[in-house]
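This report goes through helix packing and then two single residues. Please look at the model below before reading on.

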Amino acid sequence: MTETFIWIVVAFVAVGMYLSWTAGRLDRLHTRIDAARAALDAQLLRRASVTQELATSGVLDPAASIVLYEAAHAARQAEEEQREVAESELSAALRAVFGETAQVEAVKEIPGGEEAASELAAAVRRVPMARRFHNDAVRAARALRRHRKVRWFRLAGHAPFPLAFEMDDEPPVALADRPAG
């Protein structure tokens with residue numbers, strides 16, 4: 001009788017420790033998602049800021065300046081529900097303006113243009129990486145949350161279901177080919 005009771009207690013402790021470990025793992029994944037989202041937001045903000053700075057510098061022709069400025073402003077001011085669309089529109093505007101190397105070369109020729117082009121190229125390249133890190137963390141958390149043990153024991157607590165950030169982040173060819181500065 002006593003031996004059976006001890007084995008039952010050991011089994012409950014083992015199951016409890018396993019569930020606790022799983023809940024901790026899920027918590028770490030949610031923390032990783034939060035950190036990756038903050039990094040993604042920072043890269044998106046940096047890209048929009050550099051784009052706005054370049055659009056207002058007077059280097060580009062007026063039409064290109066207006067297109068870039070409005071797209072960057074919309075991306076910076078977008079509500080969370082519209083953020084993916086606004087960021088995709090900024091990507092499309094960047095591709096439209098910097099689709100050819102000639103426009104990038106024109107920017108590089110002005111004083112301070114080399115730094116501006118390098119900064120924009122770096123910002124444009126970092127957005128897809130930050131988005132990939134975020135979406136990988138979301139994918140891992142979703143996979144763990146789909147397990148029965150997580151659902152049955154409500155190990156996710158009240159954490160919202162993680163959502164991927166889906167946007168068009170294809171960089172302009174002329175900026176994507178630039179070496180990091």
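Axes here are lines fitted to C-alpha atoms, for helices over the stretch in contact, and angles between them run from 0 to 180 degrees between N-to-C directions. The model is predicted. Two packed helices are described by the angle between their axes and the distance between the axes.

**Helix packing**

Helix α1 covers residues 2–55, and helix α2 covers residues 62–77. Their axes are 8 Å apart and make an angle of about 150°. An angle over 145 degrees counts as roughly antiparallel, so α1 is roughly antiparallel to α2. The crossing of α1 past α2 is left-handed.

On the α1 side, the contact is made by L45, A48, S49, T51, Q52 and A55. On the α2 side, S65, L68, Y69, A72, H73 and R76 take part. By class, the residues of this contact are six nonpolar, five polar and one charged.

Helix α1 also packs with helix α5, which spans residues 113–145. The axes of α1 and α5 come within 8 Å and cross at roughly 160°. That angle makes α1 roughly antiparallel to α5. Here too α1 passes in a left-handed crossing. The residues in the contact of α1 with α5 divide into 22 nonpolar, five polar and ten charged.

The make-up of the two contacts is set out below.

| Contact | Nonpolar | Polar | Charged |
|---|---|---|---|
| α1 with α2 | six residues | five residues | one residue |
| α1 with α5 | 22 residues | five residues | ten residues |

**Two residues**

Is H30 buried or exposed? H30 lies in helix α1, and its relative accessible area is 13%. Buried means under 20% relative accessible area, so H30 is buried.

Leaving aside residues up to four places away in sequence, H30 touches R145, A159, P160 and P162. With R145 there is a polar contact between the two side chains, at 3.4 Å. R145 belongs to α5, as that helix runs over residues 113–145.

R125 is another residue of helix α5. Its relative accessibility is 22%, so R125 counts as partly exposed. How far apart are the C-alpha atoms of R125 and E105? They are separated by 18 Å, and the two residues are 20 residues apart along the chain.

Definitions and conventions. Residues are numbered from 1 along each chain as its sequence is written. This is a predicted model: local features need pLDDT of at least 70, side-chain atom pairs count only at pLDDT 80 or more; totals for chains, interfaces and linings use all residues. Side-chain values use heavy atoms; hydrogens and water are left out. Helices (H or I, at least four residues) and strands (E, at least two) are DSSP runs, numbered from the N terminus. Angles under 35 degrees count as roughly parallel, over 145 as roughly antiparallel, 65 to 115 as roughly perpendicular and the rest as oblique. A crossing is left-handed if the near helix is turned anticlockwise from the far one by less than a right angle, and right-handed if clockwise. Contact means heavy atoms within 4.5 Å. Ala, Val, Leu, Ile, Met, Phe, Trp, Tyr, Cys and Pro count as nonpolar, Asp, Glu, Lys and Arg as charged, and the others, Gly among them, as polar. Buried means under 20% relative accessible area, exposed over 50%, partly exposed in between (1.4 Å probe, protein chains only). A polar contact is a pair of N or O atoms within 3.5 Å; within protein, one must be able to donate a hydrogen and the other to accept it, and residues adjacent in sequence count only if both atoms are side-chain atoms.
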